[in-house]
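Student: I have a new structure open on my screen and would like to go through it with you. Could we take it one question at a time?

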Amino acid sequence: MSDPAVILMAYGSPDRLSDVPAYYADIRGGRPIRPEQLDDLVARYRALGIDDAQGPSPLNAITEDTRASLERVLGLPVFTGMRHWQPRIGAAVEDALERGHDTLVGLVLAPHWSSLSIAKYLELFEQAVARRAETRFVREWGTEPGFVELLGQRIRAARRADSHVVFTAHSLPARIVEIGDAYPESLLQTARLVADRAAISDWSFAFQSESPTGEPWLGPDILDHLTELRRSGVEEVLVCPVGFVSDHLEIRWDIDVEAVERAQELGLRLTRIAMPNADPDFVETLATIVRRELAAVTA
Ligand code: FEC
């Protein structure tokens, strides 16, 4: 190994509202989008209320802050590659190769492997490298001690005495379980470790952000789960989204608006932990993961 670099991958977000149709088309991968689905998505982005000059979601800016901090901490070049927007994973890899980097560590800003999520990043990464460099790809890092510690601290900081903690992650079509995907177990493993770290026993797990694709998705969905919690006497809920690391549409809309509204209807108080974003402790955890991968290359 002579010249390593990191390809830091994230989901990506439209730069402005007018990009939403092209961005949604990319997510759908050529499958049709009904006009009312597009209208609904534009309305959700619009409702985030962020100045369009900065983009309708904070995700791209947070990813850039994370990239810049990771580069500083590691003292190595870090390139951003987005799954669904620019700069693409392919462009990031090309850029790194053109600058002469011969060892690329691929790291996704999402902690848990699934055949419908991280596997897609891996495909794009490997296709782009096309055996032109040595690669290490981090498949998952949801039990990384620094990550568990950070979430545990965030829970301790935000939790009130009687809060019930609900860990959440993005739902996926239920068929992934039939093909042997361990996504639900990996999520529960993180939730258990974080709960232990925060010394809480009053917790549960729910999925969020299901898409209207016409097939069954993993549940329970957080909105139904809140109803069940209220029925069982819970009055306060603290959401800890273990499957995400940044503020973005799925947090700012699905939790901060939709879940909060449902909670209010039910007479529940719902708050959530602050996301890791580009927090120095989180960046240090990412750096630890990258250093371990690089040590394995040189070993
Ligand atoms: O803030 C932003 O602009 C982007 C937020 C965003 C993140 C994100 C993360 C994940 N997704 C995952 C799975 C799916 C599957 C489908 C799907 C659809 C959407 C749509 C939008 C969207 N996702 Fe996403 N996701 C984000 C945004 N996601 C917008 C399209 C409209 C909608 O359905 O709401 C369904 C695709 C299909 O229709 O076939 C499946 C998973 C993650 C977490 C891992 C990761 O970050 O890669 C899993 C952030």
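Student: Which residues of H6 are buried?

Tutor: Happy to help, and please keep in mind that this is a predicted model. A residue counts as buried when its relative accessible area is under 20%. By that cut-off, the buried residues in H6 are Phe147, Val148, Leu150, Leu151, Gly152, Arg154 and Ile155.

Student: What do the buried residues of H6 pack against?

Tutor: H6 covers residues 145-158, and its 14 residues should span 20 Å at 1.5 Å a residue, which agrees with end C-alpha atoms 20 Å apart. The buried residues of this helix pack against two strands and two helices: S5 (164-170), H8 (183-197), S7 (236-241) and H12 (280-298).

Student: H3 is another helix I was looking at. What do the buried residues of H3 pack against?

Tutor: H3 runs over residues 59-74, and its 16 residues should span 22 Å, in agreement with the 22 Å between its end C-alpha atoms. Its buried residues include Leu59, Ile62, Thr66, Leu70 and Leu74. After the helix comes Gly75, with a positive phi near 70°. As for the packing, the partners of the buried H3 residues are S1, S2 and H12.

Student: Is strand S1 largely enclosed or open, and how many of its residues are buried?

Tutor: Look at the two sides in turn. In a regular strand the side chains alternate between the two faces of the sheet. In S1, Pro4, Val6, Leu8 and Ala10 are buried on one side, and Ala5, Ile7 and Met9 are buried on the other. S1 is therefore largely enclosed by the rest of the structure, and the count of buried residues is seven of the seven.

Student: Which residues stand opposite Ile7 in the strands beside S1?

Tutor: S1 runs parallel to S3, with six bridges joining the two, and parallel to S2, with five bridges. In S2, Ile7 stands opposite Phe79. In S3, its bridge partner is Gly106.

Student: Which strand is joined to S3 by four bridges?

Tutor: S3 is itself mostly covered, with six of its six residues buried. Thr103, Val105 and Leu107 are buried on one side, and Leu104, Gly106 and Val108 on the other. Thr103 of S3 stands opposite Glu134. The strand joined by four bridges, running parallel, is S4.

Student: Which residue is the protein donor of the iron atom of the ligand?

Tutor: Go to the loop between S1 and helix H1 (20-28). The only protein donor of the iron atom sits there, and its OH is at 2.4 Å: the residue is Tyr11.

Student: What kind of aromatic pair do Tyr23 and Tyr45 form?

Tutor: A search of the whole structure finds nine aromatic pairs. For Tyr23 and Tyr45, the ring centres are 6.3 Å apart with 70° between the planes. Planes over 60 degrees apart count as edge-to-face, so this pair is edge-to-face.

Student: How far apart in sequence are the parts that this pair ties together?

Tutor: Both rings are buried, with a relative accessible area of 4% for Tyr23 and 4% for Tyr45. Ring pairs also link these two with Trp85 into a cluster. Tyr23 lies in H1 and Tyr45 in H2 (residues 35-47), so the parts tied together are apart in sequence by 22 residues.

Student: Which residue lies over the face of Trp113?

Tutor: There are charges over rings to look at here. Arg83 lies over the face of Tyr121, at 5.6 Å from the ring centre. For Trp113, the distance to the ring centre is 3.7 Å, and the residue is Arg139.

Terms used: Residues numbered from 1 in each chain as written. Predicted model: local features only at pLDDT ≥ 70, side-chain atom pairs only at ≥ 80, totals over all residues. Heavy atoms only, no water. Buried < 20%, exposed > 50% of the residue type's maximum accessible area, 1.4 Å probe, protein only. Pairing = 2+ DSSP bridges. Donors = N, O, S within 2.8 Å, 3.2 Å for Na, K, Ca; no water. Expected span 1.5 Å × (residues − 1). Contact = heavy atoms within 4.5 Å. Phe/Tyr/Trp six-rings, centres within 6.5 Å; stacked < 30°, edge-to-face > 60°. Lys NZ or Arg CZ within 6 Å of the ring centre and 35° of its normal.
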